[in-house]
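Open the model in your viewer and keep the selection box ready. The stops below run from a helix to the charged pairs.

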Amino acid sequence: MKSSPHRPSIELLFKRGLGSAEIARRLQISSSTVRNVVAAIKKRGDASEVKKSGRPRSVNTRNTRAIIKKRIIRNDGLSLNRMASQLGIARSTVQSIVKNDLKLKSYKLRRGQYLSDKSKAMRLEKCRKLLQHFQVRRVSDVIWTDEKIFTIEPLPNRQNQRQLLSKDDSMSPKRRLAHNRLFPKSVMVWAGITATGKTPLVFIERNVKINSEVYQKIVLMDNLLPWVTQHFAGGPFILQQDWAPSHGSRSTLAVLEAHFPGFLDKNLWPASSPDLNPMDFSVWGMLEGKIAGK
């Protein structure tokens with residue numbers, strides 16, 4: 001039973017003959033507290049607190065809690081295992097202090113695009129323009145496009161990545177160790193999707209920088225334009241692209257206006273908005289999962 005500061009008052013009023021309900025009313029405390037103290041008086045003859053049995057607290061002390069709290073303030077992503085090892089105490093003790101004494105809970109960080117206040121205001125303005133734009137145009141006509149660098153040796157997820165291995169395979173260091181090279185091989189890929197199809201994958205040669213000339217020739221004219229001509233067969237379409245320097249140069253804009261009229265220009269498409277492009281928030285992730293297999 002938790003110690004109550006009203007024990008002496010409860011004992012005095014009880015010995016004067018007052019009932020539990022009346023004592024609770026006079027002292028303005030819960031009747032359950034009064035009943036517990038009265039039961040102790042009846043059992044032992046007084047309301048003094050019984051000394052608790054068992055081993056006293058020796059690890060979860062005020063000093064230990066203060067040290068853990070200070071370390072978490074310095075680095076709230078600190079591993080509980082590492083903290084327990086550094087302090088020479090059990091992880092369960094650290095976990096108990098964090099949860100029960102410091103009232104903290106572990107949350108997984110979500111990744112997102114950073115937006116300044118200015119970017120948020122501009123994004124809101126352009127999104128409103130997009131909504132107005134698509135009141136007369138169809139979202140299903142949009143060709144969503146993007147580029148991405150794929151690494152041949154994707155970095156493993158240290159926290160969650162596991163392998164299902166036989167007993168023999170588990171003894172092999174080669175199967176249990178994720179090797180990472182200092183400069184892993186990579187490839188730049190451009191692609192696009194619509195509600196009714198997908199463009200060819202365009203692989204950019206290694207060490208080739210996507211400047212305006214490369215973007216116009218290899219991506220727009222050699223690949224996207226023939227695909228658009230065949231897929232839409234003269235029907236309407238809307239090209240979406242981010243506004244990397246090679247995408248917004250004067251010469252590229254001239255190519256877009258000549259061959260891809262109605263594209264989403266800078267006045268419509270908000271910057272720093274990968275969450276609006278399904279290539280970014282969906283397709284690339286699915287392809288990364290495919291190339292991670294063997």
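This is a predicted model. Begin at Trp 284, where helix H13 bends by about 30°.

**Stop 1: helix H13**

Select residues 278-291, the 14 residues of H13. What span should they have at 1.5 Å a residue? The expected span is 20 Å, and the end C-alpha atoms lie 19 Å apart, so the two values agree.

Now go to the start of H13. Show Asn 277 and Met 279 as sticks. A side-chain oxygen of Asn 277 comes to within 3.0 Å of the backbone nitrogen of Met 279.

Next, colour the buried residues of H13: Pro 278, Met 279, Val 283 and Trp 284. Trp 284 is thus on the buried list and is also the site of the bend. Which strands do the buried residues of H13 pack against? Add strand E1 (142-151) and strand E2 (186-193) to the view; the buried residues pack against both.

**Stop 2: the salt bridges**

Side chains of opposite charge can pair when their charged atoms come close. How many salt bridges does the structure hold? There are 8. Some of them follow.

Select Glu 11 and Lys 15. Their closest N and O atoms are 2.9 Å apart, and the pair forms a salt bridge. Both belong to helix H1 (residues 7-15); they are 4 residues apart, which means a separation of about one helical turn. Is Glu 11 buried or exposed? Glu 11 counts as buried because its relative accessibility is 17%, under the 20% cut-off. Lys 15 is exposed, with a relative accessible area of 55%.

Move to helix H7 (residues 117-133) and pick Glu 125 and Lys 129. These two are also 4 residues apart, so about one helical turn lies between them. Their salt bridge has its closest N and O atoms 3.7 Å apart. Glu 125 is partly exposed, at 45% relative accessible area. Lys 129 is partly exposed too, at 34%.

Now select Arg 138 and Asp 141. Their side chains meet in a salt bridge, 3.0 Å from N to O. Asp 141 is buried, with a relative accessible area of 7%.

**Last stop: a network**

Select Glu 22, Arg 25 and Arg 26 together. What joins them into one network? Salt bridges that share partners do.

Terms used. Residues numbered from 1 in each chain as written. Predicted model: local features only at pLDDT ≥ 70, side-chain atom pairs only at ≥ 80, totals over all residues. Heavy atoms only, no water. Expected span 1.5 Å × (residues − 1). Bend = angle between axes of the 7 residues up to and from the residue. Buried < 20%, exposed > 50% of the residue type's maximum accessible area, 1.4 Å probe, protein only. Contact = heavy atoms within 4.5 Å. Polar contact = N/O pair within 3.5 Å; in protein donor to acceptor, adjacent residues only side chain to side chain. Salt bridge = Lys/Arg side-chain N within 4 Å of Asp/Glu carboxyl O.
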